[in-house]
Amino acid sequence: MNSMPFAPSFRISGIVIAATVVLGSMTVSGAQAEAGFQRWIQDFRKVAVANGVSGSVYDKAFAGVTVPDPEVLEKARFQPEFQDEAWQYIDGRVHERSIATGRAMLRKYGRLLNDIERKTGVDKHIVLAIWSMESDYGEFLKRTDRLHYVPQALATLAYADRRRAKYARSQLIGALKILQRGDVSRNGLTGSWAGAMGHTQFIPTSYLAFAVDGDGDGRRDIWNSVPDALWTAANLLDRNGWQTGETWGYEVTLPPGRKFPGGSMSLSKWQSIGVVRPNGKPFPRPGQNAELKVLQGRDGPAFLMVKNFFVLKRYNNADKYALAVGLLADQIAGYPAPSRDWSRPFTKLSISESEELQKRLKGAGFYDGEIDGKIGPASRSAILSFQAQYGMERDGYASKELLKVLRGQ
(Lines give C-alpha, C1' and ligand atoms only; values in the text may rest on other atoms or scores of the structure.)
Protein backbone atom coordinates (compact mmCIF):
# COMPACT_ATOMS: atom_id res chain seq x y z
CA MET A 1 0.00 0.00 0.00
CA ASN A 2 1.32 3.45 -0.90
CA SER A 3 1.32 6.19 1.68
CA MET A 4 -1.79 8.34 1.21
CA PRO A 5 -3.18 11.49 2.88
CA PHE A 6 -6.74 10.15 3.07
CA ALA A 7 -8.58 8.96 6.16
CA PRO A 8 -8.22 5.16 6.26
CA SER A 9 -11.95 4.58 5.80
CA PHE A 10 -12.01 6.13 2.32
CA ARG A 11 -11.30 4.11 -0.80
CA ILE A 12 -7.57 4.72 -0.90
CA SER A 13 -6.26 4.82 -4.44
CA GLY A 14 -2.89 3.30 -3.62
CA ILE A 15 -4.38 -0.09 -2.73
CA VAL A 16 -3.26 -2.78 -5.16
CA ILE A 17 -6.25 -4.17 -7.06
CA ALA A 18 -6.11 -7.94 -7.30
CA ALA A 19 -9.32 -8.16 -9.29
CA THR A 20 -9.70 -7.35 -12.96
CA VAL A 21 -10.97 -4.05 -14.29
CA VAL A 22 -13.46 -3.86 -17.15
CA LEU A 23 -12.68 -1.30 -19.85
CA GLY A 24 -15.66 -1.13 -22.16
CA SER A 25 -15.71 -4.63 -23.65
CA MET A 26 -12.10 -5.44 -22.61
CA THR A 27 -10.92 -7.00 -19.38
CA VAL A 28 -7.40 -6.23 -18.14
CA SER A 29 -5.35 -7.23 -15.11
CA GLY A 30 -4.80 -4.98 -12.11
CA ALA A 31 -1.22 -4.23 -13.20
CA GLN A 32 -2.30 -3.28 -16.73
CA ALA A 33 -5.13 -1.14 -15.36
CA GLU A 34 -2.74 0.65 -13.01
CA ALA A 35 -0.29 1.53 -15.78
CA GLY A 36 -3.03 2.60 -18.19
CA PHE A 37 -4.78 4.64 -15.53
CA GLN A 38 -1.60 6.47 -14.64
CA ARG A 39 -1.05 7.32 -18.33
CA TRP A 40 -4.63 8.57 -18.54
CA ILE A 41 -4.14 10.85 -15.53
CA GLN A 42 -0.93 12.21 -17.03
CA ASP A 43 -2.57 12.83 -20.43
CA PHE A 44 -5.71 14.44 -18.97
CA ARG A 45 -3.63 17.07 -17.16
CA LYS A 46 -3.34 19.04 -20.42
CA VAL A 47 -7.12 18.98 -20.89
CA ALA A 48 -7.75 20.20 -17.35
CA VAL A 49 -5.22 23.03 -17.64
CA ALA A 50 -6.74 24.09 -20.98
CA ASN A 51 -10.10 24.32 -19.21
CA GLY A 52 -8.92 26.62 -16.42
CA VAL A 53 -7.52 24.23 -13.79
CA SER A 54 -4.04 25.16 -12.59
CA GLY A 55 -1.35 22.55 -12.95
CA SER A 56 -0.54 22.73 -9.24
CA VAL A 57 -4.17 22.02 -8.28
CA TYR A 58 -4.27 19.09 -10.70
CA ASP A 59 -1.06 17.63 -9.31
CA LYS A 60 -2.28 18.05 -5.74
CA ALA A 61 -5.60 16.39 -6.57
CA PHE A 62 -3.94 13.32 -8.09
CA ALA A 63 -0.95 12.99 -5.79
CA GLY A 64 -0.76 9.31 -4.87
CA VAL A 65 -3.75 8.32 -7.02
CA THR A 66 -2.38 5.38 -8.98
CA VAL A 67 -5.24 2.91 -9.65
CA PRO A 68 -8.93 3.07 -10.59
CA ASP A 69 -11.50 2.84 -7.81
CA PRO A 70 -12.81 -0.73 -8.24
CA GLU A 71 -16.11 -0.13 -6.45
CA VAL A 72 -17.02 2.68 -8.84
CA LEU A 73 -17.32 0.30 -11.78
CA GLU A 74 -19.29 -2.19 -9.71
CA LYS A 75 -21.78 0.44 -8.54
CA ALA A 76 -22.08 1.92 -12.03
CA ARG A 77 -23.84 -1.24 -13.14
CA PHE A 78 -26.76 -0.74 -10.74
CA GLN A 79 -29.01 2.34 -10.63
CA PRO A 80 -32.23 1.75 -8.68
CA GLU A 81 -34.13 4.61 -10.37
CA PHE A 82 -34.05 2.60 -13.59
CA GLN A 83 -33.99 -1.00 -12.31
CA ASP A 84 -36.31 -1.21 -9.29
CA GLU A 85 -40.04 -1.65 -9.68
CA ALA A 86 -41.97 1.53 -8.83
CA TRP A 87 -43.34 0.12 -5.58
CA GLN A 88 -39.89 -1.19 -4.62
CA TYR A 89 -38.29 2.20 -5.19
CA ILE A 90 -41.02 4.15 -3.35
CA ASP A 91 -41.22 1.70 -0.43
CA GLY A 92 -37.49 2.10 0.20
CA ARG A 93 -37.72 5.89 0.43
CA VAL A 94 -41.19 6.91 1.58
CA HIS A 95 -41.89 5.17 4.87
CA GLU A 96 -42.63 5.88 8.51
CA ARG A 97 -38.99 6.56 9.43
CA SER A 98 -38.21 8.99 6.59
CA ILE A 99 -41.46 10.84 7.32
CA ALA A 100 -40.84 11.04 11.09
CA THR A 101 -37.23 12.16 10.60
CA GLY A 102 -38.37 14.79 8.11
CA ARG A 103 -40.80 16.20 10.66
CA ALA A 104 -38.05 16.22 13.30
CA MET A 105 -35.75 18.09 10.91
CA LEU A 106 -38.54 20.55 10.18
CA ARG A 107 -38.68 21.35 13.88
CA LYS A 108 -34.89 21.55 14.20
CA TYR A 109 -34.28 23.67 11.10
CA GLY A 110 -37.63 25.45 10.95
CA ARG A 111 -36.23 28.98 10.88
CA LEU A 112 -33.73 28.11 8.14
CA LEU A 113 -36.34 26.29 6.04
CA ASN A 114 -38.87 29.11 6.40
CA ASP A 115 -36.22 31.58 5.25
CA ILE A 116 -35.38 29.40 2.24
CA GLU A 117 -39.05 29.01 1.34
CA ARG A 118 -39.72 32.75 1.68
CA LYS A 119 -36.76 33.81 -0.46
CA THR A 120 -36.80 31.10 -3.16
CA GLY A 121 -40.48 30.16 -3.21
CA VAL A 122 -39.59 26.47 -2.97
CA ASP A 123 -41.74 24.45 -0.57
CA LYS A 124 -39.71 23.62 2.55
CA HIS A 125 -41.15 20.10 2.62
CA ILE A 126 -39.79 19.49 -0.87
CA VAL A 127 -36.35 20.61 0.31
CA LEU A 128 -36.56 18.19 3.24
CA ALA A 129 -37.67 15.34 0.97
CA ILE A 130 -34.70 15.92 -1.34
CA TRP A 131 -32.35 15.91 1.66
CA SER A 132 -33.85 12.58 2.73
CA MET A 133 -33.65 11.07 -0.74
CA GLU A 134 -30.09 12.21 -1.38
CA SER A 135 -28.30 11.46 1.89
CA ASP A 136 -30.86 10.24 4.45
CA TYR A 137 -30.75 13.66 6.12
CA GLY A 138 -26.95 13.55 6.15
CA GLU A 139 -26.60 10.08 7.65
CA PHE A 140 -24.97 8.81 4.45
CA LEU A 141 -22.07 11.22 4.94
CA LYS A 142 -21.26 9.63 8.30
CA ARG A 143 -20.51 6.34 6.56
CA THR A 144 -17.09 7.32 5.27
CA ASP A 145 -16.43 3.74 4.20
CA ARG A 146 -19.06 4.28 1.48
CA LEU A 147 -17.66 7.57 0.24
CA HIS A 148 -15.31 7.93 -2.71
CA TYR A 149 -12.59 10.48 -3.38
CA VAL A 150 -14.33 12.37 -6.19
CA PRO A 151 -11.36 13.01 -8.56
CA GLN A 152 -10.39 9.33 -8.39
CA ALA A 153 -13.98 8.14 -8.88
CA LEU A 154 -14.56 10.40 -11.89
CA ALA A 155 -11.18 9.59 -13.40
CA THR A 156 -12.10 5.90 -13.06
CA LEU A 157 -15.31 6.43 -15.01
CA ALA A 158 -13.58 8.58 -17.62
CA TYR A 159 -10.88 5.94 -18.11
CA ALA A 160 -12.83 2.71 -17.77
CA ASP A 161 -16.50 3.33 -18.57
CA ARG A 162 -16.98 4.27 -22.23
CA ARG A 163 -20.66 5.00 -21.76
CA ARG A 164 -20.01 7.58 -19.04
CA ALA A 165 -16.60 8.84 -20.18
CA LYS A 166 -17.80 12.18 -21.59
CA TYR A 167 -19.88 12.88 -18.47
CA ALA A 168 -16.99 11.93 -16.18
CA ARG A 169 -14.45 14.15 -17.95
CA SER A 170 -16.64 17.23 -17.65
CA GLN A 171 -17.47 16.47 -14.02
CA LEU A 172 -13.82 15.89 -13.19
CA ILE A 173 -12.90 19.33 -14.50
CA GLY A 174 -15.75 20.73 -12.40
CA ALA A 175 -14.52 18.93 -9.29
CA LEU A 176 -11.01 20.28 -9.79
CA LYS A 177 -12.39 23.81 -10.10
CA ILE A 178 -14.21 23.35 -6.79
CA LEU A 179 -10.93 22.33 -5.19
CA GLN A 180 -9.21 25.30 -6.85
CA ARG A 181 -11.81 27.72 -5.49
CA GLY A 182 -11.17 26.53 -1.92
CA ASP A 183 -14.73 25.67 -0.90
CA VAL A 184 -13.55 22.25 0.32
CA SER A 185 -10.23 20.66 1.22
CA ARG A 186 -8.65 17.90 -0.86
CA ASN A 187 -9.50 15.30 1.75
CA GLY A 188 -13.04 16.64 2.01
CA LEU A 189 -13.80 16.31 -1.71
CA THR A 190 -15.78 13.08 -1.31
CA GLY A 191 -19.01 11.81 -2.78
CA SER A 192 -20.80 8.98 -4.50
CA TRP A 193 -19.37 6.65 -7.15
CA ALA A 194 -20.62 9.08 -9.83
CA GLY A 195 -19.28 12.21 -8.14
CA ALA A 196 -22.47 13.42 -6.40
CA MET A 197 -21.41 15.37 -3.33
CA GLY A 198 -22.59 16.50 0.06
CA HIS A 199 -25.89 16.47 1.93
CA THR A 200 -27.87 17.14 -1.23
CA GLN A 201 -25.65 15.15 -3.63
CA PHE A 202 -24.71 17.70 -6.28
CA ILE A 203 -22.55 16.68 -9.20
CA PRO A 204 -19.66 19.13 -9.72
CA THR A 205 -21.08 21.07 -12.69
CA SER A 206 -24.41 21.55 -10.88
CA TYR A 207 -22.52 22.64 -7.79
CA LEU A 208 -20.64 25.25 -9.81
CA ALA A 209 -23.92 26.51 -11.29
CA PHE A 210 -26.14 26.52 -8.20
CA ALA A 211 -24.13 26.26 -4.95
CA VAL A 212 -25.02 28.85 -2.29
CA ASP A 213 -23.17 30.07 0.80
CA GLY A 214 -26.19 29.70 3.05
CA ASP A 215 -24.48 30.33 6.38
CA GLY A 216 -22.44 33.36 5.28
CA ASP A 217 -18.98 32.02 6.09
CA GLY A 218 -17.60 32.72 2.61
CA ARG A 219 -17.57 29.08 1.47
CA ARG A 220 -20.17 26.95 -0.29
CA ASP A 221 -19.74 23.85 1.82
CA ILE A 222 -22.49 21.35 1.03
CA TRP A 223 -20.49 18.59 2.79
CA ASN A 224 -20.50 20.07 6.29
CA SER A 225 -23.00 22.97 6.30
CA VAL A 226 -26.69 22.07 6.34
CA PRO A 227 -27.67 25.68 5.46
CA ASP A 228 -25.37 25.66 2.42
CA ALA A 229 -26.72 22.29 1.26
CA LEU A 230 -30.42 23.11 1.67
CA TRP A 231 -30.09 26.56 0.12
CA THR A 232 -28.25 24.98 -2.80
CA ALA A 233 -31.01 22.43 -3.40
CA ALA A 234 -33.69 25.11 -3.29
CA ASN A 235 -31.67 27.38 -5.58
CA LEU A 236 -31.48 24.66 -8.25
CA LEU A 237 -35.26 24.21 -8.21
CA ASP A 238 -35.94 27.94 -8.13
CA ARG A 239 -33.68 28.67 -11.09
CA ASN A 240 -35.20 25.81 -13.06
CA GLY A 241 -38.69 27.29 -12.84
CA TRP A 242 -40.27 26.11 -9.57
CA GLN A 243 -43.85 27.40 -9.36
CA THR A 244 -44.31 28.95 -5.93
CA GLY A 245 -47.42 27.87 -4.03
CA GLU A 246 -48.24 25.06 -6.45
CA THR A 247 -48.15 21.32 -6.05
CA TRP A 248 -46.17 18.77 -8.05
CA GLY A 249 -49.19 16.74 -9.09
CA TYR A 250 -52.53 15.15 -8.18
CA GLU A 251 -53.53 11.59 -7.50
CA VAL A 252 -56.37 10.62 -9.83
CA THR A 253 -58.64 7.70 -10.61
CA LEU A 254 -59.07 6.37 -14.12
CA PRO A 255 -62.37 5.33 -15.66
CA PRO A 256 -62.29 1.62 -16.54
CA GLY A 257 -61.63 0.32 -20.01
CA ARG A 258 -60.51 3.55 -21.61
CA LYS A 259 -57.23 4.36 -23.32
CA PHE A 260 -55.76 7.76 -22.61
CA PRO A 261 -53.79 10.14 -24.77
CA GLY A 262 -50.11 10.71 -24.17
CA GLY A 263 -48.60 14.12 -23.64
CA SER A 264 -49.90 17.16 -21.85
CA MET A 265 -53.32 18.81 -21.80
CA SER A 266 -55.30 20.95 -19.37
CA LEU A 267 -56.58 19.54 -16.09
CA SER A 268 -60.10 20.47 -17.17
CA LYS A 269 -59.67 18.40 -20.32
CA TRP A 270 -58.44 15.42 -18.31
CA GLN A 271 -61.45 15.79 -16.02
CA SER A 272 -63.81 15.91 -19.02
CA ILE A 273 -62.65 12.43 -20.08
CA GLY A 274 -63.12 10.95 -16.62
CA VAL A 275 -59.73 11.40 -14.99
CA VAL A 276 -60.73 12.81 -11.61
CA ARG A 277 -59.39 13.18 -8.08
CA PRO A 278 -60.32 10.34 -5.68
CA ASN A 279 -61.76 12.76 -3.13
CA GLY A 280 -64.08 14.28 -5.72
CA LYS A 281 -62.63 17.77 -5.34
CA PRO A 282 -62.11 19.89 -8.45
CA PHE A 283 -58.64 20.78 -9.65
CA PRO A 284 -57.77 24.21 -8.18
CA ARG A 285 -56.23 25.45 -11.45
CA PRO A 286 -58.25 23.72 -14.18
CA GLY A 287 -56.44 25.55 -16.97
CA GLN A 288 -53.05 24.24 -15.90
CA ASN A 289 -51.48 21.64 -18.17
CA ALA A 290 -50.71 18.19 -16.80
CA GLU A 291 -49.36 14.84 -17.95
CA LEU A 292 -50.69 11.45 -16.86
CA LYS A 293 -48.19 9.14 -15.11
CA VAL A 294 -49.06 5.55 -14.27
CA LEU A 295 -45.80 3.95 -13.13
CA GLN A 296 -47.46 0.59 -12.55
CA GLY A 297 -50.13 0.83 -15.20
CA ARG A 298 -53.69 0.36 -14.02
CA ASP A 299 -52.52 -1.87 -11.17
CA GLY A 300 -51.11 1.03 -9.16
CA PRO A 301 -51.86 4.67 -8.30
CA ALA A 302 -52.23 7.21 -11.09
CA PHE A 303 -51.15 10.85 -11.08
CA LEU A 304 -51.57 13.96 -13.18
CA MET A 305 -48.23 15.76 -13.04
CA VAL A 306 -47.94 19.53 -13.34
CA LYS A 307 -44.87 21.67 -13.94
CA ASN A 308 -43.22 21.27 -10.54
CA PHE A 309 -42.93 17.52 -11.09
CA PHE A 310 -40.82 18.18 -14.16
CA VAL A 311 -38.76 20.76 -12.26
CA LEU A 312 -37.99 18.00 -9.73
CA LYS A 313 -36.72 15.90 -12.61
CA ARG A 314 -34.04 18.52 -13.20
CA TYR A 315 -32.57 17.21 -9.95
CA ASN A 316 -32.74 13.59 -11.09
CA ASN A 317 -34.26 12.78 -14.46
CA ALA A 318 -36.35 9.78 -13.36
CA ASP A 319 -40.11 9.67 -12.84
CA LYS A 320 -39.72 7.42 -9.80
CA TYR A 321 -37.34 9.87 -8.16
CA ALA A 322 -39.57 12.90 -8.67
CA LEU A 323 -42.65 10.99 -7.51
CA ALA A 324 -40.88 9.79 -4.37
CA VAL A 325 -39.83 13.36 -3.54
CA GLY A 326 -43.38 14.62 -4.00
CA LEU A 327 -44.99 11.85 -1.96
CA LEU A 328 -42.47 12.16 0.87
CA ALA A 329 -42.80 15.95 0.98
CA ASP A 330 -46.59 15.71 1.20
CA GLN A 331 -46.47 13.20 4.02
CA ILE A 332 -43.87 15.20 5.98
CA ALA A 333 -46.33 18.09 5.65
CA GLY A 334 -49.12 15.94 7.09
CA TYR A 335 -51.01 14.95 3.97
CA PRO A 336 -52.09 11.31 3.61
CA ALA A 337 -50.50 8.70 1.39
CA PRO A 338 -52.20 8.05 -1.97
CA SER A 339 -55.62 6.49 -1.56
CA ARG A 340 -54.64 3.64 -3.86
CA ASP A 341 -51.61 1.61 -2.87
CA TRP A 342 -49.11 -0.07 -5.16
CA SER A 343 -49.86 -3.62 -6.22
CA ARG A 344 -47.17 -5.83 -4.67
CA PRO A 345 -46.80 -9.61 -4.99
CA PHE A 346 -46.52 -9.88 -1.20
CA THR A 347 -47.53 -8.17 2.05
CA LYS A 348 -45.40 -5.12 2.83
CA LEU A 349 -43.22 -4.88 5.93
CA SER A 350 -42.84 -1.88 8.22
CA ILE A 351 -39.32 -0.57 8.81
CA SER A 352 -39.15 -2.26 12.22
CA GLU A 353 -40.27 -5.52 10.65
CA SER A 354 -37.63 -5.13 7.94
CA GLU A 355 -35.01 -4.75 10.67
CA GLU A 356 -36.31 -7.90 12.33
CA LEU A 357 -36.06 -9.70 9.00
CA GLN A 358 -32.43 -8.63 8.64
CA LYS A 359 -31.64 -9.70 12.21
CA ARG A 360 -33.15 -13.13 11.66
CA LEU A 361 -31.32 -13.58 8.36
CA LYS A 362 -28.08 -12.57 10.09
CA GLY A 363 -28.74 -14.97 12.94
CA ALA A 364 -29.27 -17.76 10.43
CA GLY A 365 -25.98 -16.95 8.71
CA PHE A 366 -27.37 -15.50 5.48
CA TYR A 367 -26.80 -11.77 5.99
CA ASP A 368 -23.78 -9.80 7.17
CA GLY A 369 -24.88 -6.24 6.41
CA GLU A 370 -26.28 -3.47 8.58
CA ILE A 371 -29.51 -3.83 10.54
CA ASP A 372 -31.14 -0.68 9.19
CA GLY A 373 -34.46 -1.76 7.69
CA LYS A 374 -33.26 -0.81 4.20
CA ILE A 375 -33.80 -3.68 1.80
CA GLY A 376 -31.02 -3.27 -0.71
CA PRO A 377 -28.95 -5.68 -2.82
CA ALA A 378 -27.26 -7.31 0.20
CA SER A 379 -30.59 -8.00 1.89
CA ARG A 380 -32.11 -9.35 -1.33
CA SER A 381 -29.12 -11.61 -1.87
CA ALA A 382 -29.52 -12.99 1.65
CA ILE A 383 -33.24 -13.56 1.05
CA LEU A 384 -32.54 -15.40 -2.19
CA SER A 385 -29.99 -17.64 -0.46
CA PHE A 386 -32.42 -18.42 2.36
CA GLN A 387 -35.23 -19.17 -0.10
CA ALA A 388 -32.98 -21.45 -2.13
CA GLN A 389 -31.84 -23.42 0.90
CA TYR A 390 -35.38 -23.95 2.15
CA GLY A 391 -36.92 -24.80 -1.21
CA MET A 392 -39.01 -21.62 -1.45
CA GLU A 393 -39.77 -19.60 -4.55
CA ARG A 394 -36.69 -17.45 -5.14
CA ASP A 395 -38.22 -13.97 -5.53
CA GLY A 396 -35.95 -11.97 -3.18
CA TYR A 397 -38.89 -10.10 -1.64
CA ALA A 398 -38.77 -8.86 1.95
CA SER A 399 -42.33 -9.80 2.86
CA LYS A 400 -44.45 -10.56 5.91
CA GLU A 401 -44.82 -14.05 4.49
CA LEU A 402 -41.05 -14.53 4.57
CA LEU A 403 -40.76 -13.00 8.05
CA LYS A 404 -43.35 -15.50 9.31
CA VAL A 405 -41.21 -18.37 7.96
CA LEU A 406 -38.09 -16.92 9.61
CA ARG A 407 -39.90 -16.56 12.92
CA GLY A 408 -40.66 -20.26 12.76
CA GLN A 409 -37.02 -21.28 12.33
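User: I'm looking at aspartate 59: is this residue buried or exposed, or partly exposed?

Analyst: Good place to start! Keep in mind that this is a predicted model. Aspartate 59 is partly exposed, because its relative accessible area is 40%, and partly exposed covers the range between under 20% (buried) and over 50% (exposed).

User: Which side chain does aspartate 59 meet in a salt bridge?

Analyst: The partner is arginine 45, with 2.8 Å from N to O. Arginine 45 sits in helix 1 (residues 30-50), while aspartate 59 belongs to helix 2 (residues 55-61), so to speak of the pair is to speak of a link between distant parts of the chain, 14 residues apart. Arginine 45 is partly exposed too, at 32% relative accessible area.

User: How many salt bridges does the count come to?

Analyst: The count comes to 26 salt bridges. Let's look at another one: the side chains of aspartate 91 and lysine 348 meet at 3.7 Å, N to O.

User: Where do aspartate 91 and lysine 348 lie?

Analyst: Aspartate 91 is in helix 5 (residues 86-91), and lysine 348 is in the loop between helix 16 (319-332) and helix 17 (351-363). The pair therefore ties together parts that are 257 residues apart in sequence. Check the accessibility as well: aspartate 91 counts as buried at 16%, whereas lysine 348 counts as partly exposed at 34%.

User: Which residues are linked in a network with Asp91 and Lys348?

Analyst: Asp341 and Arg344 are linked with them in a network of salt bridges.

User: Which residue forms a salt bridge with aspartate 136?

Analyst: That is lysine 374, and the closest N and O atoms are 2.9 Å apart. Find aspartate 136 in the loop between helix 8 (124-135) and helix 9 (139-142), then lysine 374 in the loop between helix 17 and helix 18 (377-389); the two are 238 residues apart. Aspartate 136 is partly exposed at 28%, and lysine 374 is partly exposed at 44%. Aspartate 136 also takes a positive phi of about 55 degrees, just after helix 8.

User: Let's stay with helix 8. How many of its residues are buried?

Analyst: Twelve of its twelve residues are buried, so we can call helix 8 mostly covered. Among them are Ile126, Val127, Leu128 and Trp131, along with Lys124 and Glu134.

User: What span should helix 8 have, and how far apart are its end C-alpha atoms?

Analyst: Multiply 1.5 Å by one less than the number of residues. For the twelve residues of helix 8 the expected span is 16 Å, and the end C-alpha atoms are 17 Å apart, which agrees.

User: What reaches the backbone nitrogen of histidine 125 at the start of helix 8?

Analyst: A side-chain oxygen of aspartate 123 reaches to within 2.8 Å of that nitrogen.

User: Now the strands. In what order do the four strands of the open sheet come?

Analyst: First the general idea: strands of a sheet pair through backbone hydrogen bonds, either parallel or antiparallel. Here the order is 5-8-7-6, with antiparallel pairing. Strand 5 (249-252) and strand 6 (264-266) are the edge strands, each pairing on one side only. From one strand to the next, the twist averages 35 degrees.

User: How many bridges join strand 6 to strand 7?

Analyst: Three bridges join strand 6 to strand 7 (residues 289-293), and the two run antiparallel. To find one in the structure, start at serine 266, whose bridge partner in strand 7 is asparagine 289.

Terms used: Residues numbered from 1 in each chain as written. Predicted model: local features only at pLDDT ≥ 70, side-chain atom pairs only at ≥ 80, totals over all residues. Heavy atoms only, no water. Salt bridge = Lys/Arg side-chain N within 4 Å of Asp/Glu carboxyl O. Buried < 20%, exposed > 50% of the residue type's maximum accessible area, 1.4 Å probe, protein only. Pairing = 2+ DSSP bridges. Axes fitted to C-alpha atoms, helices over the stretch in contact; angles between N-to-C directions. Polar contact = N/O pair within 3.5 Å; in protein donor to acceptor, adjacent residues only side chain to side chain.
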